[in-house]
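Reader: Could you take me through one part of this model in some detail? I'd like to see how the pieces connect, in plain bench talk.

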Amino acid sequence: MSLFKTQEIGSLKKPSWLLEYLKTSTSEEDKKAALDDASFINLKMLEHIGLDFVYDGEARRIEMYELPAKFIRGFEFVGRVRSWDNKYYKKARIVDRVSFEKNYHLEEFIFVKEYAIKTPKVPVTGAYTLMDWSYNEYYNSREDLAMDLAKQIINRILKELENAGMKVVQIDEPAATTHPAEMELFVKIFNEQVKGLNAKINTHICYSGDEYSSLMPVIPDLKAKHFALEFANRDSMNLGVDDAARPGYRALKAFREYASDREIGLGVLDVHSDYVEPPELVRDRILYAVKILGDPSKIYVNPDCGLRTRKREIAFAKLKNMIKGVRLAEAAIR
Amino acid sequence: MKELNTYFFGIFPRSEKLIDITRKKQNYHEDLIQESLKIIEYQKSKSFKIISDPQITWEDMFRPLALSAEGITVNGLNRYFETNTFYKVPVIRAKPSVKEGILKKYLATGAELISFPDPFTFSCLSKDEFYGDKEKFIEGIGNLIATFASQISKEGYRYLILKGPSYGNCEFRNYEKSIKDALSVIKASFKGKVIIHIYFYRNLNALNFLASSPVDGIGVDMYSFKTDDIKNLVNNGKELALGIINGFNTKMENEDHIINVIRSLNFNGPLYITNNVDFEFLPQKFALKKVDLISKIAGEIS
């Protein structure tokens, strides 16, 4: 039995044939069939690689913000804004009170559930992030907007997914630590959106900017069992399990202090680099985490974030090495 | 009001068409340059007397400078303050020195104003693996920026904006002397005016410190600071750049309100109407509307 559970964080780059087909095909039925195929291929690829928690690489989704903004009334797209370098995301402004239009994740989840052998983990963009990434031209305050999103939209989506059989959800809240002075608001919004759920609640927070120093003290107040965080992006490529070799993982000490009863999703792959981490490097990142946190059963292994910015062959090579690294770490511990 | 002027500072957003080009083409530098020239013409058409380099070629506020310097590399992504935009962290591995001829590729012909990170902000947002001492680090970066400042003087730039958001959230008190020394060196190396902009955070100590720093003017984010906060700056000998057009929200400002605020200041020195933060946080069509608004307000007041 494996000591460490493994998972992907969400997105994979869309296959080129899918993009081409979606551009040229005029039949909605055919497009749906192509999306089904892409979803199935991603799911089976991730299972084949050996991950324990899987999804469909978000094959049907446009982007983590754009998709919800498209299906929540009150959002109006205004254009693209830089994320970094020449990566952009479509940004919307809020021009009316937000209201529910459709559950934009239900269909994809039902498909994944039907074909998954491993446990599906559904990524859902959280209310705080949706608020923070939008221009607010309607609500009097950020809190009013975020609370409406949490209560009227996200909570309803999650409950419907749960009714459809969802056992694990990953609430993506990359904006969580963007405003350190607003952590209390983040906690309030996060807990509101998961109110009444029985599914296991994971959250993924990445590129915090403050190495999670504002997140750690509020973890005890958050109704999430699992925190998938990004570390490899800041780490060295040197082997070793001491502090000097693992500068990217400094936040683990604070995690031990504040969140010893929670699970960590340990980011061991830098998703913004084509460098394929060798298994030995993955091993040492995991062993360092064990050294700091103890109990391996609370350590899940994953990439820093979704791998959608990498070519598919790079993404799969990284994930394969991640699994090999996990096995090396297990062998070292046993 | 003795003199009212207008400019925008920082990185200007790329058009939707240009974004598409950067996704499809491998080599798109010339497309970036062409769009820069269009934005320069746009400013002229709106009667701007100070023409800003839109810095369309800049991936983030550090990159061209880091690429133009020996001893500096860029590493992982980091969040740019409380935004959803990220930058690649400069890592100082050896004493920085200028690589000749690189920066020029990132400059737009015909521009007169450009924005660089101020030395303190540069030190806060980058990683020092060489100096091992923050004061020396600030001074070293100051010398580097001064060399770049001297270069752009020769290219015809007459305004240098130093972007100083880190004064708002990063402890500067222990480094005041180093910061002033670094700013002095930059000021001495640049033939035109140097204006330092503070934004994102309302830090009155930082504002007062910068008011006494060896630069020509202070730029203030009027969405972080209050009008009362800047009363002390009025007529204290420094020029004032009023960051009163919001680069962080698509909502258009109320023109009358802005005119009233400007008039209420009773400012006698040169006053500039400008953006509070880079326009790159908006889609380009909204940034252009805001440029129009700057021009319109200046016209109304004049």
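Author: Here's a walk through the smaller details of the sheets in chain B, followed by a look at where the two chains meet. Keep in mind that this is a predicted model.

Let's start with the open sheet of 3 strands in chain B, ordered β2-β3-β5, where the pairing is mixed. At its edges sit β2 (69-79) and β5 (127-128) of chain B, each pairing on one side only. The "mixed" label is easy to follow once you go strand by strand. β2(B) and β3(B) are antiparallel partners, held together over 8 bridges. On the other hand, β3(B), residues 86-98, runs parallel to β5(B), and 2 bridges join that pair.

You can pick out individual partners too. B:Glu70 has B:Ser97 in β3(B) as its bridge partner. For B:Ile92, the bridge partner is B:Asp128 in β5(B). Between β2(B) and β3(B) there's a hairpin with 6 residues between the strands, and B:Phe81 takes a positive phi there, near 50°.

Now zoom in on B:Gly71, which belongs to strand β2 of chain B. Setting aside neighbours within four places in sequence, B:Gly71 is in contact with B:Val91, B:Ile92, B:Arg93 and B:Ala94. Take B:Ile92 from that list: B:Gly71 and B:Ile92 are 21 residues apart along the chain, yet their C-alpha atoms are separated by 5.9 Å. B:Ile92 is also the residue that bridges to B:Asp128 in β5(B), so to speak the next stop across.

There's a helix to add to this picture. α5 of chain B (residues 134-154) lies across β2, β3 and β5 of chain B, and runs at about 90° to β3(B).

Chain B has another open sheet, this one of 7 strands with parallel pairing, in the order β1-β10-β9-β8-β7-β6-β4. Its edges are β1 (3-6) and β4 (113-117) of chain B; each has a single partner strand, so one side of each is left without a neighbour in the sheet. Going from one strand to the next, the twist averages 25°.

Inside that order, β6 (residues 159-163) and β7 (residues 193-198) of chain B pair in the parallel sense over 5 bridges. For a landmark, find B:Leu160, which stands opposite B:Val194 in β7(B). A helix lies over this sheet as well: α9 of chain B (residues 255-264) lies across β9 (239-245) and β10 (270-275) of chain B, at about 160° to β9(B).

Last, the place where the chains meet. Chain A puts 27 residues into the contact and chain B puts in 32 residues. Together they bury about 2,700 Å², with carbon and sulfur atoms giving 43% of that area. Between the two chains there are 22 residue pairs in polar contact. The interface also has 5 salt bridges. One to look up is the pair A:Arg82 and B:Glu280, whose side chains meet at 3.1 Å, N to O.

On the chain A side, the elements giving two or more residues are β3 (72-84), β4 (87-100) and β6 (135-136) of chain A. β3(A) gives the largest share, 7 residues. Sorted by class, that side of chain A has 12 nonpolar, 10 polar and 5 charged residues.

Terms used: Residues are numbered from 1 along each chain as its sequence is written. Chains are lettered from A and ligands numbered from 1 in the order in which they are written. This is a predicted model: local features need pLDDT of at least 70, side-chain atom pairs count only at pLDDT 80 or more; totals for chains, interfaces and linings use all residues. Side-chain values use heavy atoms; hydrogens and water are left out. Contact means heavy atoms within 4.5 Å. Buried area is the accessible area (1.4 Å probe) that two parts lose on being put together, summed over both. A salt bridge is a side-chain nitrogen of Lys or Arg within 4 Å of a carboxyl oxygen of Asp or Glu. A polar contact is a pair of N or O atoms within 3.5 Å; within protein, one must be able to donate a hydrogen and the other to accept it, and residues adjacent in sequence count only if both atoms are side-chain atoms. Helices (H or I, at least four residues) and strands (E, at least two) are DSSP runs, numbered from the N terminus. Ala, Val, Leu, Ile, Met, Phe, Trp, Tyr, Cys and Pro count as nonpolar, Asp, Glu, Lys and Arg as charged, and the others, Gly among them, as polar. Two strands pair if DSSP finds at least two bridges between them. Axes are lines fitted to C-alpha atoms, for helices over the stretch in contact, and angles run from 0 to 180 degrees between N-to-C directions.
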